[in-house]
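Student: Could you take me through one part of this protein slowly? I'd like to start with a single helix and then see what sits around it.

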Amino acid sequence: MILKGKTALITGSTSGIGAACATALAAEGAAVMINGFGDADAIAAQCAALSALSGAKAMHHGADLTDTDQIAAMMETCVRELGAPDILMNNAGIQHVCPVDEFPIEKWRQMQAIMVDAPFMLMRACLPHMKAKGWGRIVSTASAHASVASPNKSSYIAAKHAVLGLTRGVAMEVATKGITVNCISPGYVWTPLVENQIPDTMKTRGMSYDEVINDVLLAAIPQKKFVMPEQIGAMLLFLCRDEASAITGANLAVDGGWTTH
Ligand code: NAD
């Protein structure tokens, strides 16, 4: 088990990609703090399943990442209960599909808070601990939308470009400290985030379910299939290995060839 004795904090890990990433790290012995919303019984079962993988602790903190005080409380709890994070994954994210001239201002602010401000605050809080240990891994889930654009997703595209910029900047600052800072950029991964945007796209484009899948979501994907959450977990785990210590400031595409030009 390569992560025995290490602690990971993964935001947005009660569902989809984050849940698969928590499983990947827990299976290698990491203590894991998961975060996100959901049914209390389901979350308790997820924590029990994670800790059964290696015997290391797994716990949940329900911090709403739009709230700075709740982010600070989550960090404090993690340090106290599991130890300071050696691995931080900024993964939580939401989507809202709407033309920019009708985009609700509050929705814009919520998206930037979850996908840009929270990663900044958590990196800021974790780095002193990682510097003291001389080892750390910071991975943020960006997106193919950190490099390409699609209509009606302006806030999401802006947020994902921003988190990639943040990653590159911070990677330069800590390059000699044993800490790597990277983005994983998935294409379309089959999770609730993607499933939930299908009805809106059907409505705004007047399309059937199958047309949205094939003519919108998979249209630009050379492999013509969705990425699976476990494939992102596998990439995260690789970045945590000592063999990946030379990879920093990178944007690693796991997108079925979408952003290959
Ligand atoms: P998901 O909807 O399955 O999971 C999102 C997670 O974020 C959940 O745990 C949810 O509770 C949590 N969350 C949402 N708002 C939150 C808040 N205010 N505070 C704390 N937690 C909050 O989505 P997913 O598809 O697994 O997406 C995970 C990440 O991957 C996101 O950043 C997303 O932008 C990115 N991504 C997803 C895809 C895809 O196709 N699914 C593609 C590229 C990038």
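Tutor: Let's start with the first helix and work outwards from there.

A quick word on what you're looking at: this is a predicted model, where local features need pLDDT of at least 70, side-chain atom pairs count only at pLDDT 80 or more, and totals for chains, interfaces and linings use all residues. Residues are numbered from 1 along each chain as its sequence is written, and side-chain values use heavy atoms, with hydrogens and water left out.

Your helix is α1, residues 16-26, and it is mostly covered, with nine of its eleven residues buried. Helices here are DSSP runs of H or I with at least four residues, strands are runs of E with at least two, and both are numbered from the N terminus. Buried means under 20% relative accessible area, exposed means over 50%, and partly exposed is what falls in between, using a 1.4 Å probe and protein chains only. The buried residues of α1 are I17, G18, A19, A20, C21, A22, A24, L25 and A26. They pack against quite a list of elements: β1 (7-10), β2 (31-35), α2 (40-54), β4, β6 (179-186) and α9.

Now zoom in on A26, which belongs to helix α1. A26 counts as buried because its relative accessibility is 2%. Leaving out residues up to four places away in sequence, A26 touches V32, L50, L53 and S54; a contact means heavy atoms within 4.5 Å. For a sense of distance, try S154: it is 128 residues from A26 along the chain, and their C-alpha atoms are separated by 35 Å.

One of the elements that α1 packs against is β4, so to speak our next stop. N90 lies in this strand, which covers residues 87-90. With a relative accessible area of 5%, N90 is buried. Its side chain makes a polar contact with the side chain of S140 at 3.2 Å. A polar contact is a pair of N or O atoms within 3.5 Å; within protein, one must be able to donate a hydrogen and the other to accept it, and residues adjacent in sequence count only if both atoms are side-chain atoms. S140 is also among the residues that N90 touches, beyond those up to four places away in sequence, and others include T11, A118, P119 and L122.

Further along comes M111, in helix α4 (residues 105-133). At 0% relative accessibility, M111 is buried. Its C-alpha is 7.3 Å from that of G93, and the two are 18 residues apart in sequence. Among the residues M111 touches, again not counting those up to four places away in sequence, are I94, Q95, H96, S155 and Y156.

Next, have a look at the loop between β5 (136-141) and α5 (154-173), where you'll find N152. S150 is in that loop as well. The side chain of S150 makes a polar contact with the side chain of H145 at 2.6 Å. Leaving out residues up to four places away in sequence, S150 touches H145, I157 and W258. N152 is partly exposed, with a relative accessible area of 24%. It has a positive phi of about 70° although it is not a glycine. Most residues other than glycine have a negative phi. K224 also has a positive phi, near 55°, and is not glycine either. You'll find K224 in the loop between α8 (209-217) and α9 (229-240), and it is partly exposed, with a relative accessible area of 48%.

For an exposed residue, go to T260, in the segment after β7 (251-254). T260 counts as exposed because its relative accessibility is 59%. Its C-alpha is 9.6 Å from that of I221, which is 39 residues away along the chain.

Now step back to the whole chain. It has nine helices and seven strands, and 50% of its 261 residues are buried. The C-alpha trace spans about 55 × 40 × 35 Å along its principal axes. Among contacts between residues at least 6 apart in sequence, 72% join residues at least 24 apart.
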